[in-house]
Amino acid sequence: MQLSIPDFCPACDATDKPFNLVQRETEQDFRGETFRVTTPALQCRHCGFGTLGPGHLDALQRATHDAYRRKYGFLTSGEILSRRKVMGFSQKRFAEYLGVGSASIERWESGALVQDKASDLLLRQRTDRGLYFNVRPAGRSKRTFAFSLP
Ligand SMILES: [Zn+2]
């Protein structure tokens with residue numbers, strides 16, 4: 001479903017497309033703890049009423065999950081994504097390489113789901129520099145790269 005920015009404010013009844021995009025600091029509860037996160041939101045320029053716009057709920061969830069990940073030393077969604085990109089894998093190929101479902105990769109990278117500790121260890125070990133240079137590029141060559149490690 002494609003959401004759109006409302007052109008009226010339900011709090012003050014302004015009808016002149018009153019919402020501006022702002023960054024809001026907010027507190028979110030997750031797994032019994034409260035995290036302060038900054039997330040995009042819409043704010044009425046007349047009365048200050050705030051609401052979430054298209055995509056903002058996903059951004060809020062990602063920010064909350066990443067705050068939790070940072071606190072407990074897990075890879076963030078962006079770190080998982082960048083490790084995969086460095087290795088040149090699609091999400092599907094990365095999932096095969098890790099031995100997990102490709103839906104998990106999508107959820108970890110989008111921030112919809114926090115990986116469990118075992119998965120975090122797996123991600124770290126299998127994307128550690130040194131290991132991944134020995135990975136054969138998908139569908140290109142049977143040659144493996146042998147790098148000496150520092
Ligand atoms: Zn308003």
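Four donors count as tetrahedral if all angles lie between 85 and 135 degrees. The exercises below apply to a predicted model.

**Exercise 1.** Which protein atoms are the donors of the zinc ion, and what is the geometry of the site?

*Solution.*
1. The zinc ion has as its protein donors the SG atoms of Cys9, Cys12, Cys44 and Cys47, at 2.3 to 2.4 Å.
2. The angles among the four donor atoms run from 106 to 113 degrees, and the site is tetrahedral.

**Exercise 2.** How are the donor residues of the zinc ion spaced in sequence, and which parts does the pair Cys9 and Cys44 tie together?

*Solution.*
1. The spacing follows the pattern C-x2-C-x31-C-x2-C.
2. Cys9 is in the segment before β1 (19–30), while Cys44 belongs to strand β2, so this pair ties together parts 35 residues apart in sequence.
3. Buried means under 20% relative accessible area. Cys9, at 0% relative accessibility, is therefore buried, and so is Cys44, at 2%.

**Exercise 3.** Where does Val37 lie, and is Val37 buried or exposed?

*Solution.*
1. Val37 sits in strand β2 (residues 33–44).
2. Its relative accessible area is 4%, so Val37 is buried.
3. Beyond its neighbours within four places in sequence, Val37 contacts several residues, including Thr26, Leu60 and Ala67.
4. Thr26 is 11 residues from Val37 along the chain, with 5.5 Å between their C-alpha atoms.

**Exercise 4.** Which helices each supply at least two residues of the largest nonpolar core?

*Solution.*
1. This core has 11 residues, among them Leu75, Phe94, Trp108 and Leu123.
2. The helices are α2 (77–87), α3 (91–98) and α4 (102–110).
3. α3 gives the largest share, four residues.
4. Another core, of nine residues, lies apart from this one and includes Phe35, Val37, Ala67 and Tyr68.

Note on methods: Residues numbered from 1 in each chain as written. Predicted model: local features only at pLDDT ≥ 70, side-chain atom pairs only at ≥ 80, totals over all residues. Heavy atoms only, no water. Core = buried A, V, L, I, M, F, W, Y, C linked by side-chain atoms within 4.5 Å. Buried < 20%, exposed > 50% of the residue type's maximum accessible area, 1.4 Å probe, protein only. Contact = heavy atoms within 4.5 Å. Donors = N, O, S within 2.8 Å, 3.2 Å for Na, K, Ca; no water. Tetrahedral: all angles 85-135°; square planar, octahedral: opposite > 155°, others 65-115°.
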